[in-house]
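Student: I have a new structure open and would like to learn how to read it. Could you walk me through it?

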Amino acid sequence: MQFPDVCQKRLPRICSDHFPIMLDCGGIQGRRRPFKFENMWLKTDGFVELIRQWWSSYQLEDTPSNVLAGKLKFLKKDLKTWNEQVFGNVAL
């Protein structure tokens, strides 16, 4: 079975000659907290220069939009790591 959490149900016809179909996909899975830029980072000495260093270190070759998306993905990872090292877990 390829999708074990999916359940298809035929509902009763109410005002149409078609049967409505309901798909139950097993509920919404818990998602990770979305990335948020913290203003407190801007008050940290050397933060802007750190961003410049990281950004220029990402060497990608692709279309401009894919290069931007890739650099943002790498920057997000570096910012999360740096945030935990400097500020600890502030998401409590």
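Tutor: Happy to. Let's begin with a term: a residue is called buried when its relative accessible area is under 20%, exposed when it is over 50%, and partly exposed in between. Keep in mind that this is a predicted model.

Student: Let me try that on Leu75. Is Leu75 buried or exposed?

Tutor: Leu75 has 12% relative accessibility, so it counts as buried. You'll find Leu75 in helix H2.

Student: Which residues is Leu75 in contact with, leaving aside its neighbours within four places in sequence?

Tutor: Those are Ile51, Trp54, Trp55 and Tyr58. For a sense of scale across the model, take Leu75 and Cys25: they are 50 residues apart in sequence, and their C-alpha atoms are 34 Å apart in space.

Student: How do I read a helix, then?

Tutor: Start with the general idea. An α-helix has 3.6 residues a turn, so residues three or four places apart point the same way. Now look at helix H1, residues 47-57, where Phe47, Leu50 and Trp54 are buried. These three cover an arc of only 60° around the axis, which puts them on the same side of H1.

Student: What do the buried residues of H1 pack against?

Tutor: They pack against helix H2, which spans 64-87.

Student: I see many aromatic rings. How should I describe two of them together?

Tutor: A pair of aromatic rings is described by the distance of the centres and the angle of the planes. Counting ring centres within 6.5 Å of each other as a pair, you get nine aromatic pairs here. In one of them, Trp41 and Phe47, the ring centres are 6.1 Å apart and the planes stand at 40°, so the pair is tilted. Trp41 and Phe47 are both buried.

Student: And how are the rings of Tyr58 and Phe74 placed?

Tutor: Their centres are 5.5 Å apart and their planes are at 35°, so this pair is tilted. Tyr58 sits in the loop between H1 and H2 while Phe74 belongs to helix H2, so the pair ties together parts that are 16 residues apart in sequence. As for accessibility, Tyr58 is buried at 8% relative accessible area, whereas Phe74, at 40%, counts as partly exposed.

Student: Which residues do ring pairs link into a cluster?

Tutor: The cluster holds Phe35, Phe37, Trp41, Phe47, Trp82 and Phe87. So Phe47 turns up again: it is part of this cluster and one of the buried residues of H1.

Student: What sits over the ring of Phe19?

Tutor: That is the charged end of Arg10, 4.0 Å from the centre of the ring.

Student: What about charges that pair with each other?

Tutor: Side chains of opposite charge can pair when their charged atoms come close. In this model the count is one salt bridge. Glu49 forms it with Arg52, and their closest N and O atoms are 3.7 Å apart. Both residues lie in helix H1, three residues apart, which is about one turn of the helix. Glu49 is partly exposed, with a relative accessible area of 39%, and Arg52 is exposed at 53%.

Student: There are cysteines too. How many disulfides are there?

Tutor: Zero. To count, two cysteine sulfur atoms must lie within 2.5 Å of each other. The sulfur of Cys7 has its closest cysteine sulfur in Cys25, at 9.8 Å, too far for a bond. Cys7 is partly exposed at 32% relative accessibility, while Cys25 is exposed, with a relative accessible area of 52%.

Student: One last place to look: where is Arg32?

Tutor: Arg32 is in the loop between strand S2, residues 21-24, and H1. With 78% relative accessibility, Arg32 counts as exposed. Arg32 and Phe47 are 15 residues apart in sequence and 25 Å apart in space, C-alpha to C-alpha. Arg33 is in the loop between S2 and H1 as well, but at 49% relative accessibility it counts as partly exposed. Between Arg33 and Lys71, 38 residues apart along the chain, the C-alpha atoms are separated by 20 Å.

Definitions and conventions
Residues numbered from 1 in each chain as written. Predicted model: local features only at pLDDT ≥ 70, side-chain atom pairs only at ≥ 80, totals over all residues. Heavy atoms only, no water. Buried < 20%, exposed > 50% of the residue type's maximum accessible area, 1.4 Å probe, protein only. Helix = DSSP H or I, 4+ residues; strand = E, 2+ residues; numbered from the N terminus. Arc of directions from axis to C-beta. Contact = heavy atoms within 4.5 Å. Phe/Tyr/Trp six-rings, centres within 6.5 Å; stacked < 30°, edge-to-face > 60°. Lys NZ or Arg CZ within 6 Å of the ring centre and 35° of its normal. Salt bridge = Lys/Arg side-chain N within 4 Å of Asp/Glu carboxyl O.
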